[in-house]
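Open the model in your viewer and keep the selection tool at hand. This tour moves from stop to stop.

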Amino acid sequence: MRQRLEYEELDRIDPLARFRREFILPDGLVYLDGNSLGAPPRGARERILKLLDEEWGRDLVQSWNRHDWIGLPQKVGAAIAPLIGAGRDEVIAADSTSVNLFKLLIAALRLRSSRRSIIALAGDFPTDLYIAQGVAESNSDLKLRIVEKEELETVVDAGTAVVMMNHVNFRTGAINDMAGVTALAHRHGALVIWDLCHSAGVMPVELNVCHVDFAVGCGYKYLNGGPGAPAFLFAARQHHDAIHPLISGWMGHAEPFEFDSRYRPAAGVRRNLSGTPPILSLAALDAALELFKHADMHLVREKSMRLGDAFIELTAPLRDEFGFGLISPADAHRRGSQVALTHPEGFAIMQALIARGVVGDFRAPDILRFGFSPLYNRYAEVWDAARRLEEIMRQREWARPEFNLQRAVT
Ligand SMILES: *Cc1c(COP(=O)(O)O)cnc(C)c1O
């Protein structure tokens, strides 16, 4: 095994090293689960305390104007926009990824009302597929086809209303071809919805360069907005005025405070809002996004690829010796910011790792996921993770009964 010193040296010259101080992380913990829940930025803590004391706690309802709470969904959307290659007026923070996907799926179907089929990708995150199933079942004219990547070329046709797909696969970390699939859909007159949950904030995304119609993503993974942080949605400017929101709530009304009884959608992306925004959560996400104003996304991507490569290299001998599979692409250019291993005892191995202070996660039936957040993870931590994995395997620590109890959230 290579020496830890080599990785300490990479940390010493890392241009992103200073960001680590901006996060609250327990000493000695190797946190490789930012692809499930990002670590808390110090700024988010300060912002929430300030909001409680000086906004909600002092100015109460006047804060909607005085502290521009009402503008937060747009402000947060505008801060996410440059990370995903969108215009600042094309993104808004709202709801959860699941709900935003529902809203945009309906919007897309209404924009292609003469077409009947929704195409989704097998192996995508289950909630995306569940939402598609729910929408398809709501109207017997609609047909949902869940297909393999290789089938797309033959399946997308003149009856396709919308193609929906995850940008990075949540199990394997494989990157899907945004430009290629979008162009394929457009050649047949269909629209696309991309889910950026595993790419926003950790690699450059080029929605407008790829001519994407719609996208969704979440605020609590690589964007570090906190548990259940508001998600975001992107709608390309050309579609703004044509969208007829199904969830036609007052926050998406042209003039919510006229209390008019008739629904009239707001101009622009704001019509995709539904109800009152969750200000505490939005404020935390807003504060978390401050960090990205100072982080070059190309440096973030480069470090992300190197962290993943280091983990793959360091675990190679273990994989051979102890029978792990590698299901992530070995080529960093085809991989998002996680490395996924498989092992029949994956659940217990992950529990044993967590007990030793290396937090990744387990995905049924046999996947161990290790996510790399370049703003706070260090190269030396990758070495530590590989070393502790080796110890657990060598000493069969995972076989202990306490590591074999199932919990509700994995
Ligand atoms: C994490 C994730 C979600 C989560 O959706 P929520 O509605 O926020 O719970 C959806 N899609 C993908 C691809 C994800 O990775």
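The stops below cover the ligand site, two helices and some salt bridges.

**Before you start.** This is a predicted model, in which local features need pLDDT of at least 70, side-chain atom pairs count only at pLDDT 80 or more, and totals for chains, interfaces and linings use all residues. Residues are numbered from 1 along each chain as its sequence is written, and side-chain values use heavy atoms, with hydrogens and water left out.

**Stop 1: the ligand.** Select the ligand and the residues around it, including Phe 125, Thr 127, Asn 166, Cys 197 and Tyr 220. Being near here requires a heavy atom within 4 Å of the molecule. Now show side chains. Ser 98 places a side-chain N or O atom 2.5 Å from a ligand oxygen. Asp 195 has a side-chain N or O atom 2.9 Å from a ligand nitrogen. For His 198, a polar side-chain atom lies 3.0 Å from a ligand oxygen.

**Stop 2: helix H9.** Select residues 279-290. Helices are DSSP runs of H or I, at least four residues, and strands are runs of E, at least two, numbered from the N terminus. Nine of the twelve residues of H9 are buried, so the helix is largely enclosed by the rest of the structure. Buried means under 20% relative accessible area, exposed over 50%, and partly exposed in between (1.4 Å probe, protein chains only). Among the buried residues are Leu 282, Asp 286 and Leu 289. To see part of the cover, add helix H2 (42-59) and strand E2 (91-94).

**Stop 3: Arg 319.** Go to helix H10, residues 297-322. Which side chain of opposite charge is nearest to Arg 319? Asp 320 is, 6.0 Å away, and the buried Arg 319 has no salt bridge. A salt bridge needs a side-chain nitrogen of Lys or Arg within 4 Å of a carboxyl oxygen of Asp or Glu. The Arg 319 side chain instead reaches the backbone oxygen of Ile 312 at 2.8 Å.

**Stop 4: salt bridges.** The count comes to 26. Select Arg 394 and Glu 321, whose closest N and O atoms are 2.8 Å apart in a salt bridge. This pair links helix H12 (residues 379-394) to H10, across 73 residues. Next, pick Glu 397 and Arg 356, a salt bridge at 2.6 Å. Glu 397 sits in the segment after H12, and Arg 356 in the loop between helix H11 (346-355) and strand E11 (358-359). Finally, select Glu 321, Arg 387, Glu 390 and Arg 394, joined into one network by salt bridges that share partners.

Conventions
Lys, Arg positive; Asp, Glu negative; His and termini not counted. Polar contact = N/O pair within 3.5 Å; in protein donor to acceptor, adjacent residues only side chain to side chain. Expected span 1.5 Å × (residues − 1). Contact = heavy atoms within 4.5 Å.
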